[in-house]
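Biologist: Could you take me through one part of this model in detail, namely its largest pocket, and then set that part against the chain around it? I would like to know which residues and elements line the largest pocket.

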Amino acid sequence: MQTKSGVIVVLSGPSGSGKSSLMKRVEDKLDNYYISISTTTRPARNQEINGEDYLFISKEEFLKDIRDNCFLEHAVVHGNYYGTSIRPVQTALQEGRLVLFDIDVQGHAAIRDKFPDIITSIFITTPSLAELKHRLSGRATETNEIMQERLNIAKKELLHIKEYDYVLVNDDFEQTVNALLDIIQAAKLKKPAAEIDDFVSKWLQN
Ligand code: 5GP
């Protein structure tokens, strides 16, 4: 895939680790960015808006989109389909934007595979499993059964933590926001190999 000089920052971590709140908070401090809006078959939660939080579609529509090669990556998470559409990401990268993703460990592996040069990834977690349980039980949106399943998935996700460039333990929210902003600034300074090759060949000519 051809890109100008956009960069990718991937955030992963268990549901309840604070990814969405962090993303919302850092958004104000960024410019020239695009937050990837995923498509999902999961039902919308109370406050969620179609087209802003996710594109909510049926399983049949999702399967058709898979067949039509609409997705850069897609995965089943918590029993529902989630996917990243190719086109908006491609456009944002060609425009040289910072592209932010909130995707699971499978999505991270797929995006890293496709864009090894320009990706920076961050795994966000609570300080402990007990704290994750505490935060999830504060969510009025989920039943006990769903919460238990999310905790089990979280344990499995933690096994992938070393695949990430950075790990942020979201204990103090403000500190985590600042650390995230620092990582994003560094990510924007990352140069893809092709750009470095170009620089070297020009450097040699002068
Ligand atoms: P939730 O349903 O709580 O919003 O998200 C559940 C999980 O799905 C989270 O770990 C989130 O990062 C992940 N997720 C959201 N969108 C995508 C996507 O497009 N692809 C993948 N692989 N995971 C996603």
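Modeller: What follows goes from the pocket to the chain as a whole, and then to two single residues.

Please keep in mind throughout that this is a predicted model. The largest pocket has a volume of about 1200 Å³, and of the 40 residues that line this pocket, the closest to its centre are Ser20, Glu48, Asp53, Tyr54 and Asp102. Two or more lining residues come from each of the helices α1 (19–27) and α6 (144–158) and from each of the strands β2 (33–35), β5 (71–77) and β6 (80–85). Among these elements, α1 gives the largest share of the lining, with six residues. In character, the lining of the largest pocket divides into 14 charged, 14 polar and 12 nonpolar residues.

Turning to the chain that holds this pocket, one finds eight helices and nine strands. The C-alpha atoms fill a box of roughly 65 × 40 × 30 Å along the principal axes, and the radius of gyration is 18 Å, which agrees with the value near 17 Å for a compact globule of 206 residues. Of the 206 residues, 41% count as buried, while the accessible surface of the protein chain comes to about 11600 Å², with 50% of that area belonging to carbon and sulfur atoms. Where contacts join residues at least 6 apart in sequence, 69% of them are between residues at least 24 apart.

Two residues show such surroundings in detail. Phe62 is found in helix α2 (residues 59–67), and this residue counts as buried because its relative accessibility is 0%, where the cut-off for buried is under 20%. Beyond residues up to four places away in sequence, Phe62 touches Thr39, Thr40, Thr41, Ile57, Phe71, His74, Tyr81, Tyr82 and Gly83. Ala44, by comparison, lies 18 residues from Phe62 in sequence, with 15 Å between the two C-alpha atoms.

Thr125 has its place in strand β8 (residues 119–125), and with a relative accessible area of 8%, Thr125 is likewise buried. Once neighbours within four places in sequence are left aside, the residues in contact with Thr125 are Ser17, Leu158, Val167, Leu168, Val169 and Asn170.

How values were computed: Residues numbered from 1 in each chain as written. Predicted model: local features only at pLDDT ≥ 70, side-chain atom pairs only at ≥ 80, totals over all residues. Heavy atoms only, no water. 1 Å grid on protein atoms, 1.4 Å probe; cavity = no way out; pocket = protein on both sides within 12 Å on 5 of 7 lines; lining within 4 Å. Points joined across faces, edges and corners; volume = space filled by probe spheres on them. Helix = DSSP H or I, 4+ residues; strand = E, 2+ residues; numbered from the N terminus. Nonpolar A, V, L, I, M, F, W, Y, C, P; charged D, E, K, R; others polar. Rg over C-alpha atoms; globule rule 2.2 N^0.38 Å. Buried < 20%, exposed > 50% of the residue type's maximum accessible area, 1.4 Å probe, protein only. Contact = heavy atoms within 4.5 Å. Areas by Shrake-Rupley, 256 points an atom, 1.4 Å probe, with all protein chains shown as cover.
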